Amino acid sequence: MSEAFHPELEATAERIASMEIRGAATIAGAAAEALATQARASDAADPAGFRREHRRAGRRLYDTRPTAVSLPNALRYVLDRMDGDSVAELRASVVEAAEAFQTRLDRAQTDLGEIGANRLRDGDTVMTHCHSTDALACVEAAVEQGKELSAVVKETRPRNQGHITAEQLRAAGVDVTLIVDSAARRYLDEVDHVLVGADSIAADGSVVNKIGTSGLAVNARERGVPIVVAAQTIKLHPETLTGQTVEIEMRAETEVVDDETRAEIGGVAVENPAFDVTPPRYVDAIVTESGQFPPETIVTLMRELFGESAARPWADSEE
Ligand code: RUB
């Protein structure tokens, strides 16, 4: 099997691309675990073969979805720790790093949940967009502190991730109202916070999240409702330190209209960007496991965590 992808790694890559596995933190955990699976099963003949195999496996995972930086940050975490003089040592280092990554991921979410919960008062209502495990962690921690909360949940077309949020908030004991996306402004007067997650945060504090986040933030600012982004530090995009922009994923038009509807409408273009960019001036706070930050200061934390450079330890496409 040397240098072939393990079927489970291939399956994880396909499930990330099809969004069966979705959400930035969940994608990151799945990618790290897939590398560990590849390592456990590797029959590489020598250390060089093992390294090549895992750099290529990293590339396979990297190529699945372009916007959530938690994916390359997970690959960086594991592959940067691939170390040893024998295949056995290399294998152990990859498995250990993947396990440590998952532990850090879980701990970071718990810690940021506690910090985000401090912003929420008993009786508050939050408005959510999409489904973010980091954002949910804040609400769940507040509920555990004994606060009673309500939520206005945007359905989040075209994939309706708001349905997952609605179900999970209801299960946590939150009073949930589901609305269509275009009703958001009407309900902003009734909410105390807009609480969303992030797929990537750029060095200037711009927040890349599910399409519709930026419009919601602009409307919330106009209504005087604070906009809080819950995002653990693996959402910080180190390549933006050197001026790179975050690629916005364009998805299939079939997510927007089915073939029959499309035939009825006739020859129109359909565009389906999955994410948008909210400028820092529309964000009140970014809540991470290391504390909460005004977006304009996030660059300091990014430099501390990643330095000035972001290596790409996965294989180049021509390798
Ligand atoms: C998911 C999305 C979520 C972030 C944060 O988009 O935009 O808000 O990924 O999620 P998609 P989390 O459904 O296209 O993956 O806080 O769980 O990392």
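**Around the ligand: a short tour**

Hi everyone, let's start right at the ligand: one of its oxygen atoms is 3.0 Å from a polar backbone atom of glycine 23. That is a polar contact, meaning a pair of N or O atoms within 3.5 Å.

Before going on, please keep in mind that this is a predicted model, where local features need pLDDT of at least 70, side-chain atom pairs count only at pLDDT 80 or more, and totals for chains, interfaces and linings use all residues. Residues are numbered from 1 along each chain as its sequence is written, and side-chain values use heavy atoms, with hydrogens and water left out.

Back to the contacts. An oxygen atom of the ligand is 2.8 Å from an N or O atom in the side chain of glutamine 161, and a ligand oxygen is 2.8 Å from a side-chain N or O atom of lysine 235. Taken alone, the ligand exposes 460 Å², and the protein buries 100% of that; these areas come from the Shrake-Rupley method with a 1.4 Å probe.

So who are the neighbours? In total, 18 residues surround the ligand, and the closest are Arg22, Ala25, Ser132, Thr133 and Lys210. A residue counts here if one of its heavy atoms lies within 4 Å. This shell divides into six nonpolar, six polar and six charged residues, with Gly counted as polar, and Asp, Glu, Lys and Arg as charged. Domain 1 (7-107) and domain 2 (118-305) each give at least three residues to the shell; their bounds come from an automatic or database assignment.

Which elements give two or more residues to the shell? They are α2 (24-41), α6 (133-144) and β6 (207-210). Helices (H or I, at least four residues) and strands (E, at least two) are DSSP runs, numbered from the N terminus.

One last stop: the loop between β2 (150-154) and α7 (162-171), where we find proline 158. Most peptide bonds are trans, but the one from arginine 157 to proline 158 is cis, with omega near 0°. Threonine 156 is found in the loop between β2 and α7 too, and its phi is near 70°, a positive value in a residue other than glycine. Thanks for listening!

Technical notes
A polar contact is a pair of N or O atoms within 3.5 Å; within protein, one must be able to donate a hydrogen and the other to accept it, and residues adjacent in sequence count only if both atoms are side-chain atoms.
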